Amino acid sequence: MRNYDITGMSCAACSARVEKAVGKVEGVSSCSVSLLTNSMGIEGTASDEEIIKAVTDAGYGASVKGSKKEEKGSSAEDALADRETPVLKKRLYTSAIFLLVLMYFGMGNMFGLPMIPFFKGNYIGNAIMQMVLAIIIMFINRKFFISGFKGLIHKAPNMDTLVALGSGVSFIWSFVCLLLMTGNIHDEHMMMSLHMNLYFESAAMILTLITIGKTLEAYSKGRTTDALKGLMKMAPKTARIVKDGKEVEVDIESVQKGDIFVVRPGEAIPLDGHVVEGVTAVDESSLTGESIPVDKEVDSKVFSGTMNQSGFIKCVAERVGEDTTLSQIIKMVSDASATKAPIAKIADTVSGYFVPAVISIAVITFIVWMALGESLSFSIARAVSVLVISCPCALGLATPVAIMVANGVGAKNGILFKTASSLEVTGKSQIVILDKTGTITEGKPSVTALVTGDSVDEKEFLTLAYSLEKKSEHPLAIAVVEKAEEKGITGYEVSDFSAVPGNGLKGICNGKELIGGSVKYIDSVVGLDKKMKAIADSSAAKGETPIVFSYDKKIIGMISIADRIKSDSKEAVEELKNMGVRVVMLTGDNEKTAKAIASQAGIEEVVAGVLPDGKAEVVRRHKEAGKVAMVGDGINDAPALTIADIGIAIGAGSDIAIDAADVVLMKSSLKDVSGAIRLSRKCVKNIHENLFWAFFYNCIGIPLAAGCYIALFGWKLNPMFGAAAMSLSSFCVVTNALRLNLVNVHDARHDKKIKQNEIKLEKKENKMIEKTMKIEGMMCPHCEATVKKALEAIDGVVEATPSHTAGTAIVKLSKPVDDALLKKTVEDKDYTVLEII
């Protein structure tokens, strides 16, 4: 995704206009504009020049994010600096001073304030003074008029257009009254009547009140990026590297991969790398949210932005610049905030039509009241009230502020959402599929028992097992290797080594075939006696994984390996269940071992014996029953993570798993899965509250401003109070979103269980219908593919499995499909359907 800075936007209508304009550019596949951060994310092949031109033609400014990076004082942190609030404060304070003076001249008599002798009874002099002061305030807040009328010229009216029209109409009407006063200078009654119809103070008050709202909104918006700014502040600006035997302090940008850097106690670690000298404890809470320090020794990994607490260490830089873990986290949080959640589409659609609709309502309001015989002054006041009370900003900010704050809360707790969509959808997960190794368990298997056959002793058996397993990097193989090395075993040379995915290993040792693998695999290749099968079954029943070895077609022994479940796995599973989520364990282990582990973790549903390439199919099958979140940490989990509705990479997993996932958990704690779901639900609830307030405010406020309640309740709204309401509406939305900062993602006390969730899912699964079609004419795999594609294009057909050898096609249906349609579909491809069972 390419990011751009956008200038000139003032409300949701502006962001909708920019998004629409850029979306029309050829080569743009997706466009997301954030009013909150004044930024735009683009995916596609369109050039920067074409995109910037589209934004400019729409009446706004654009530049590639980071294009001014080299300028003095510019940095990623500077990009998030709140520059808007100080400018607005200055405008507000200056406006307020002149407004107080204006209110004295316009409304001083109402409050019994003494009037300056020159202006006492001098209606024209008083009106001119009000006009001058109003002009000064309008000039101070000229941005509303420039932006508002610019929007009109480009046929894209925005919130500033409403404010400019409301203030401008009030000023023009007052100016007309002033001119009429000069023509009736000898008619004191007429002069007094016209003076009472002046709205100079309203014209100025509208601008000042809107500026108050904008200032509060800007301040609150600035706080939504506090978490991101906090992360950026953790990144050290300098590093102390060893050069020619001496320590030299250099800028962080100048450190190269492979440089040796040193870190003293109390200092932040500047780069990602590994320790080459020294031992220490490091506080990694900035990345993982885990407050307990992590012990580091030689070869331990260290990460940028974490705090060295106790020892002096030397490290080798492995990731520098934008490649460090901290930089990647910052980028991930920033990118997520630049994307849009599906829930935002409603507000975006409304915002696109909102301002033109409000202007139309204001015009209709004016015409209706004039037609009902009300005065020109009354009718103008109602129309101006409609213009200034309407607030598209609240609609536009409802979603992005909540997304930004929730992303920050997640980042502080080591939960990273890649997109706004993933933040929204995670909370809707109905089924969570957990990969066993490294997710439920520690992922560090160890040998628990050795059983030898009759032909070898324990040392010879372990030597042969070690010789084969040292060729593999599988966690189970590593456990065998570590056990052998503990006993000082040195292996033999193995040739023709190969791995049988999901089954085991084989090779040639001393001219004889050496095989190691699962009970099922070895039984199919060599055959197991009852005694060894019984031992293997007993091992599996205890949650251990038995690996059987054969040498020269003879069973030489079995090694039992266990991977302990994590201390918090059972509690995490219980939390997920209490949230109404169905938990499934997925593993390549045999069923007995899998069920033993699942029982320890409190999981009832297990899918065992799944080969690496079968995980995606398991996820696909469960998606038929509801929204699926897949949790894994390995390379072989990537396809399943990709196909799931939400892919969650746990413990920062492998790089491939992280790339495939939608959510990245920095810790290896399964409780962060429930934490992510909990945070997502809180965020979506907050967005619903914001959207309700935004719609409710406008639905109630606009009729009130138009005077719809005058006949019923006698309620009439002064334009100044309309402006005050408008200024507070956006502030309320942003303030409500900031409440998400108080969310404790691991507090399960308020979780709501979806009681009937599991029943509904089971029913949905049981609705699957299977039919067998007998087909004549299929001659090859190409024919099978043709029939499969045709059948799966039918609505209701989940899967079709044709076989040219059997002359059949097994069709799985999610709902009833007429046999005649199935038959016609196949026969349209020139095959003959003999029967459908």
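**Burial, sheet pairing and salt bridges in a predicted model**

Colleague: Does Thr-211 count as buried or exposed?

Modeller: The structure is a predicted model, and Thr-211 has 0% relative accessibility in it. The cut-off for burial is under 20% relative accessible area. Because 0% falls under that limit, Thr-211 counts as buried.

Colleague: Which residue offers its backbone oxygen to the side chain of Thr-211?

Modeller: Thr-211 belongs to helix α9, which spans residues 200–224. Beyond its neighbours within four places in sequence, Thr-211 is in contact with Leu-88, Arg-91, Leu-92, Asn-141 and Phe-144. The backbone oxygen in question lies 2.7 Å from a polar atom of the Thr-211 side chain, and the residue that carries this oxygen is Leu-207.

Colleague: Which strands are the edges of the open six-stranded sheet?

Modeller: The strand order is β6-β5-β7-β13-β8-β11, with antiparallel pairing. An edge strand pairs on one side only, a condition met by β6 (246–251) and β11 (301–302).

Colleague: How many bridges join β7 to β13?

Modeller: On one side, β7 (residues 260–263) pairs with β5 (residues 238–243) over two bridges, and Arg-240 has Val-262 as its bridge partner there. Towards β13, Ile-260 is partnered by Val-316. The antiparallel strands β7 and β13 are joined by bridges numbering four.

Colleague: Which residue in β13 stands opposite Gly-273?

Modeller: Strand β8 covers residues 272–277 and is joined to β13 (residues 313–319) by five bridges, in the antiparallel sense. Opposite Gly-273 in β13 stands Ala-317.

Colleague: What distance separates the C-alpha atoms of Arg-582 and Ile-431?

Modeller: Arg-582 is found in strand β22, residues 582–586, and counts as buried because its relative accessibility is 5%. Ile-431 is 151 residues away along the chain, yet the separation of the two C-alpha atoms is 4.6 Å.

Colleague: How far apart are the closest N and O atoms of Lys-53 and Asp-57?

Modeller: Both residues lie in helix α2 (residues 48–57), four residues apart, or about one turn of the helix. Lys-53 counts as exposed at 52% relative accessibility, whereas Asp-57 is partly exposed at 45%. The two form a salt bridge, with the closest N and O atoms at a distance of 2.9 Å.

Colleague: Which residue of the Lys-577 and Glu-604 salt bridge is exposed?

Modeller: The closest N and O atoms of this salt bridge are 2.8 Å apart. The pair links distant parts of the chain, with Lys-577 in helix α23 and Glu-604 in the loop between α24 and β23, 27 residues apart. Lys-577 counts as buried at 16% relative accessibility. With a relative accessible area of 66%, the exposed partner is Glu-604.

Colleague: Which residues share a salt-bridge network with Arg-678 and Asp-751?

Modeller: Asp-751 and Arg-678 form a salt bridge whose closest N and O atoms are 2.8 Å apart. Asp-751 is in the loop between α30 and α31 and Arg-678 is in helix α28, so the pair ties together parts 73 residues apart in sequence. Both residues are buried. Through shared partners, their network also takes in Glu-571, Glu-575 and Lys-671.

Colleague: What is the accessible area of the nonpolar surface patch that contains Val-176?

Modeller: Val-176 sits in helix α7, residues 159–183, and counts as partly exposed because its relative accessibility is 33%. Together with Ile-172 and Leu-180, Val-176 forms a patch with an accessible area of about 250 Å².

Methods
Residues numbered from 1 in each chain as written. Predicted model: local features only at pLDDT ≥ 70, side-chain atom pairs only at ≥ 80, totals over all residues. Heavy atoms only, no water. Pairing = 2+ DSSP bridges. Patch = residues over 30% accessible without salt bridge, like charges linked within 9 Å, V, L, I, M, F, W, Y side chains within 5 Å. Areas by Shrake-Rupley, 256 points an atom, 1.4 Å probe, with all protein chains shown as cover. Salt bridge = Lys/Arg side-chain N within 4 Å of Asp/Glu carboxyl O. Buried < 20%, exposed > 50% of the residue type's maximum accessible area, 1.4 Å probe, protein only. Polar contact = N/O pair within 3.5 Å; in protein donor to acceptor, adjacent residues only side chain to side chain. Contact = heavy atoms within 4.5 Å.
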